[in-house]
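The exercises below are meant to be worked through with the sequence and the three-dimensional structure in view. Each opens with a task and continues with a solution that proceeds step by step.

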Amino acid sequence: MASQVPSTSATPDSSSTSPSRSNDPGRRFRLAVNTGGGDAPGLNAVIRSVVISALNMGWEVFGIQKGYQGLMEEGGLLPLDRSSVEGIAHLGGTILGTTNRGNPLRWPRTLPDGTVEEVDRSGDLIKAFRDHGFDALIAIGGDGSLRIAAELSEKGLPVVGVPKTIDNDLAATQVTFGFHTAVQTASDAIDKLHSTAKAHSRVMVVELMGRHTGWIALFAGLAGSADAILIPEIPFRMDRLCRDLEAKVERGPSYGIVVVAEGSRPEGGEASVVETEAGGEPWRYGGVAERVAQEIQEATGVETRSLVLGHLQRGGQPTAYDRLLALRFGAAAVDLVARTSFGCMVALDPPEVRAVPLRTAVDELKRVPVRGDVVVTARRLGISFGD
Ligand code: F6P
């Protein structure tokens with residue numbers, strides 16, 4: 001995976017982050033930290049790691065609540081000491097709150113006639129940041145939040161990014177924290193579906209998250225012994241999917257499990273989009289499992305049911321893997337602040353955590369490689385991709 005990680009031009013030294021290289025070891029930072037975008041298991045572990053690492057260097061730390069909102073509103077800052085991060089590493093959610101609507105570059109303002117327009121409030125935000133005396137921000141977020149962080153960094157905000165998302169769709173890091181937990185939750189659910197599907201001789205179609213990519217569906221589907229996995233990277237054909245399912249049901253055991261990533265689409269067809277961004281790009285998906293289930297039942301005559309696992313994939317305790325990654329990312333981000341290596345994001349480039357420039361980190365969406373070993377393994381095991 002090392003080749004996917006651009007060598008950093010944002011730090012004087014592109015080697016792994018290390019706590020011993022501070023530019024000015026005596027400098028005491030007033031540090032802000034926030035969490036933006038959809039929550040992911042492991043956020044609290046990053047916050048804990050940031051706070052303890054920073055306090056151990058004699059710094060002050062404040063949490064900005066609800067993404068950037070806390071900086072623009074009265075009472076939106078939370079002083080963080082050891083007690084505020086005591087016993088939180090294993091908890092889901094985020095003690096700071098989050099939002100995937102609070103973009104300071106496109107802040108909604110309601111006009112007297114009731115219509116809403118979007119305004120760029122980055123100037124106000126940077127001013128508020130300076131007025132509060134902050135020296136640096138650690139922004140924990142997914143592609144959307146880190147894109148905001150990259151723009152704010154270009155406008156002069158001293159920021160270090162930490163990549164989070166259950167979707168695992170950031171190209172600059174081998175993996176994001178939250179993904180491992182989501183895969184565990186989803187594969188546990190698929191395990192449970194086997195018994196009910198078998199008892200009723202049904203096909204069960206389960207819809208998993210992942211937005212534009214199929215990482216969660218692929219990994220959980222393979223781990224959970226699905227019969228078919230549908231992902232956005234491999235458009236499916238209903239006739240192929242149904243043929244493969246019929247063959248499986250005939251061969252026995254006579255039931256089927258189909259895992260479908262929410263952003264999947266049929267060859268020549270459209271994904272099931274429920275909300276688009278201002279530019280018309282899909283923003284929220286939903287409903288593909290129901291569509292696929294109905295068509296399977298019509299085409300094969302096998303009783304078929306669908307379910308959407310939804311936000312359960314974002315909840316609960318982070319796995320030990322995600323916790324460790326989150327703790328490593330948090331400490332590495334503080335180290336980058338100590339070196340005043342701003343405009344960077346921490347990234348996993350095994351076995352190290354490295355710094356990559358924020359701008360390039362958010363440039364590329366990491367899609368499932370359709371000829372990669374995980375897809376090949378699934379195919380060898382007879383799992384259908386409906387193609
Ligand atoms: O990006 C994380 C994610 O959970 C996606 O997998 C999903 O499409 C989206 O967020 C759901 O967003 P919301 O919480 O706004 O429904």
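**Exercise 1: a hairpin and its surroundings**

Determine which residue of β15 stands opposite Val346, and then describe how β14 is placed among its partners.

Solution. Val346 stands opposite Ala355 in β15, where helices (H or I, at least four residues) and strands (E, at least two) are DSSP runs numbered from the N terminus. Before going further, note that this is a predicted model, in which local features need pLDDT of at least 70 and side-chain atom pairs count only at pLDDT 80 or more, whereas totals for chains, interfaces and linings use all residues. Residues are numbered from 1 along each chain as its sequence is written, and side-chain values use heavy atoms, with hydrogens and water left out.

The next step is the pairing itself, for which DSSP must find at least two bridges between two strands. Six bridges join β14 to β15, and these two strands run antiparallel; they form a hairpin with two residues between them. Pro351 lies in the loop that links β14 (344-349) and β15 (352-357), and the peptide bond joining Pro350 and Pro351 is cis, with omega about 5°. β14 also pairs with β7, here in the parallel sense and over two bridges, and Gly161 stands opposite Met345 in β14.

The last step concerns burial, where buried means under 20% relative accessible area, exposed over 50%, and partly exposed in between (1.4 Å probe, protein chains only). Six of the six residues of β14 are buried, so the strand is largely enclosed by the rest of the structure. In a regular strand the side chains alternate between the two faces of the sheet. In β14, Cys344, Val346 and Leu348 point one way, while Met345, Ala347 and Asp349 point the other way, and all are buried.

**Exercise 2: a strand between two parallel partners**

Find the residues that stand opposite Asn34 in β2 and in β6.

Solution. Begin with strand β1 (residues 30-35), which is mostly covered, since five of its six residues are buried. β1 pairs with strand β2 (residues 60-64) in the parallel sense over five bridges, and within this pairing Asn34 stands opposite Ile64. The chain passes from β1 through helix α1 (residues 43-56) to β2 in a right-handed β-α-β crossover, a term that applies if, with the strands pointing away from the viewer, the path from the first strand over the helix to the second runs clockwise. Then turn to strand β6 (residues 136-141), which is joined to β1 by five bridges and runs parallel to it; there the bridge partner of Asn34 is Ala139.

**Exercise 3: checking a helix**

Compare the expected span of helix α8 with the distance between its end C-alpha atoms, and work out where its buried residues lie.

Solution. The expected span of a helix is 1.5 Å times one less than its number of residues. For the 13 residues of α8 (residues 288-300) this gives 18 Å, and the end C-alpha atoms are 18 Å apart, which agrees. Next, the buried residues of α8 are Val288, Ala289, Val292, Ala293, Ile296 and Thr300. They cover an arc of only 125° around the axis, so they are on the same side of α8; the arc is that of the directions from the helix axis to the C-beta atoms. These buried residues pack against β8 (203-208), β9 (228-230), α7 (238-251), β10 (256-261) and β13 (304-308), where contact means heavy atoms within 4.5 Å. After α8 comes Gly301, whose phi is positive, near 80°.

**Exercise 4: two residues and their contacts**

State whether Thr213 is buried or exposed, and list what Arg323 is in contact with beyond its neighbours within four places in sequence.

Solution. Thr213 sits in the loop between β8 and α6 (215-223), and with a relative accessibility of 0% this residue counts as buried. Not counting residues up to four places away in sequence, Thr213 touches several residues, among them Asp167, Asp169, Glu233 and Arg367.

Arg323, by contrast, belongs to helix α9 (residues 320-338) and counts as partly exposed at 26% relative accessibility. Leaving aside neighbours within four places in sequence, Arg323 is in contact with Ala45, Ala89, His90, Gln317 and Pro318. The C-alpha atoms of Arg323 and Leu91 are separated by 9.5 Å, although these residues are 232 residues apart along the chain.
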